[in-house]
Amino acid sequence: MTTPNKQLRRKILEVISRGGSPHIASAFSMVEILNAVFRTMALEKIKDGARDRDRFVMSKGHGAGALYVIMHAYGLMGDDDLASFHANGSLLAGHASHFVKYIEHSTGALGHGLSPALGMAIGLRALKSEARVFVLVGDGELHEGSNWEAIMLAGHLGMENLYVLVDSNGYDQMGPLGSSCGIEPLRAKFESFNFATAEVDGHSEQEIMGVIQKSENKKPTAVICRTVKGKGVSFMESNVVWHYRTPAGEEYEKALAELND
Amino acid sequence: MRAILFHKIYESMRRNPNLFFLTAGVGFNLIEPMCKEFPDRTMNVGIAEQNLVGVAAGLSNLGFKAICYSYTNFLAERAFEQIRNDICLHRYAPIFIGTTAGFDNAGLGATHHALDDIGALKTLPHLKIYSPSSSESIGLIFDEALASDMASFIRFTKNDFSEGHPVSDANRFVIERHAKILIISHGKMVANSVRASEFSSGFDLFAMDRIKPLDAGKLKDLFAGYRAIVVVEDNFKSGLYNSLAQWMAENDVKNTRLHSISVEETYRGEIGTAAYLEDLNGLNPKQIADFIGLINKDLSSYDEI
């Protein structure tokens, strides 16, 4: 039984507002992606810390608020820990941190998720394990050249156990991506690097799961998830201000009302 | 030195199935047999140092010990943030092996000189730094790094200096004749300092091939036993000299003078052989001996007052 996405967004709103953290719009754009990945992974092995467990790396570490809420929803984090998000003395930083149990890799400096995820996939292949590695990158993050070093090698090696999900909300922290350095056509780019590539509605768990549950490809998989930054709250959607701003007071109540509808 | 190191790596790969060798497009005629013998645990990731270090982090997450091989400067500086965030922050324990340190690639120009690597890397916690000086110490250092639960960076040169006998510690006396002056050196400059003995016998020589963490226990005895200490290194002053200066300040050392023979802190357009660039920076054996002579003279004048 999975938690409805509106309920997850309400929780994200609550923890980000209480913690005084930025990045709520980024967190809202990835809810369905995270839910699809966590529904797909074999969680028992993750809880056991098995060497051949599935792994998830959240390269766009600034969506930590969403990740922690999802982990809480799947029993990987307790109430007290989640309530400490972004507070003094907490391990739950504003970016995904490996000091938090079950988080594989600390990210936040962009372009630092894909190579470690590839290393995990290479290691799992060496162990002849069937476990898989899922990595979530932002589209703005793909400006970082280190990503393309990893994408090039993953395609060359045919890493069928590596799944790269792109939260393609079309924005970086300055505005629409096309106004700084455009990254399209993203699908053609991944395909040219020997990725099995799909383009899906990033707010449809079913569409995402339809791609990542298949494993017959002898290539790495890229899932370009077309999303809306700030999805779920009308005044946050595609409004870059909410990359930075923490909802409080009337804004908080208004957002909560929309998510209660 | 490189042949000895690779022999050690091969032997270790045979014994330990958890070792994983990675190179960033370096090691022509060295890594090919390893690729054949250990195809699942040897990989050339291409000329991509950031990816090299990131992949090593991912392998570390699975419990592998990665050995990462590239040129010293590209590994230390191109991939600096990956070493910081993906390795040191996570307290992973790969071994970074940087070849062609110092002026090894002298003729190729300033982009290929590794003179600022120690100063950059030593700012990072959870990272050991080594600069092996002899055929004997490089094997010992590799074994130490292999056994360590902390990441290690080994920067080495094409130098083939042999001490002629096994060594038991990365930090050790190479020449001990109870002089007033001690040279502390590492890497290739230990060989240059040994050759300085052809021109002067006025110094002892201590190889400090383990640069970080500093050998605090031995430093106390070394600073107590000499009137002056001269750090000789094919690096900027931000290297070992800077670490020793900080150690002196923190330990309130007042009776020993600290001097440096190091590379001038600039990026030169002028190229040449390694020996030529060492000459320009006062690092050849005769220049080292002359510097020792000046310090000895200075100490004698002071004694006469």
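This passage describes a sheet, a chain contact and two helix pairs in a predicted model.

The sheet lies in chain B. It is open and has 7 strands, in the order β2-β1-β3-β4-β6-β5-β10. The pairing is mixed. Two strands form the edges: β2, residues 42–44, and β10, residues 210–212, both of chain B. Each edge strand pairs on one side only. From one strand to the next, the twist averages 20 degrees.

One strand pair can be followed in detail. Strand β4 of chain B covers residues 95–99, and strand β6 of chain B covers residues 151–155. The two pair in the parallel sense, over 4 bridges. Ile95(B) has Ser152(B) in β6(B) as its bridge partner. A helix also packs on the sheet: α1 of chain B, residues 2–15. Helix α1 touches β1 (19–23), β3 (65–71) and β4 of chain B. The direction of this helix makes about 140 degrees with that of β1(B).

The two chains touch each other. In this contact, 21 residues of chain A meet 23 residues of chain B. On the side of chain A, α7 (114–126) and α8 (145–157) each supply at least two residues. Helix α7(A) gives the most, with 10 residues. By class, the side of chain A that touches chain B holds 10 nonpolar, 8 polar and 3 charged residues.

Helix α8(A) also forms a pair with a helix of chain B, α3 (residues 49–61). Their axes come within 8 Å and cross at roughly 70 degrees. Angles of 65 to 115 degrees count as roughly perpendicular, and α8(A) and α3(B) are therefore roughly perpendicular to each other. From α8(A), the residues Ser146(A), Glu149(A), Ala150(A) and Leu153(A) take part. They meet Gln50(B), Asn51(B) and Gly54(B) in α3(B). This contact has 2 nonpolar, 4 polar and 1 charged residues.

A further helix pair lies within chain A. Helix α3 (residues 31–40) packs against helix α10 (residues 205–212) at an angle of about 45 degrees. Their axes are 9 Å apart. The helices α3(A) and α10(A) are therefore oblique to each other. The crossing of α3(A) past α10(A) is right-handed. On α3(A), the contact involves Glu32(A), Ile33(A), Asn35(A), Ala36(A), Val37(A), Arg39(A) and Thr40(A). On α10(A), it involves Glu205(A), Ile208(A), Met209(A) and Ile212(A). By class, the contact of α3(A) with α10(A) has 6 nonpolar, 2 polar and 3 charged residues.

Conventions:
Residues are numbered from 1 along each chain as its sequence is written. Chains are lettered from A and ligands numbered from 1 in the order in which they are written. This is a predicted model: local features need pLDDT of at least 70, side-chain atom pairs count only at pLDDT 80 or more; totals for chains, interfaces and linings use all residues. Two strands pair if DSSP finds at least two bridges between them. Axes are lines fitted to C-alpha atoms, for helices over the stretch in contact, and angles run from 0 to 180 degrees between N-to-C directions. Two residues are in contact if their C-beta atoms, placed from the backbone, lie within 7 Å. Ala, Val, Leu, Ile, Met, Phe, Trp, Tyr, Cys and Pro count as nonpolar, Asp, Glu, Lys and Arg as charged, and the others, Gly among them, as polar. Angles under 35 degrees count as roughly parallel, over 145 as roughly antiparallel, 65 to 115 as roughly perpendicular and the rest as oblique. A crossing is left-handed if the near helix is turned anticlockwise from the far one by less than a right angle, and right-handed if clockwise.
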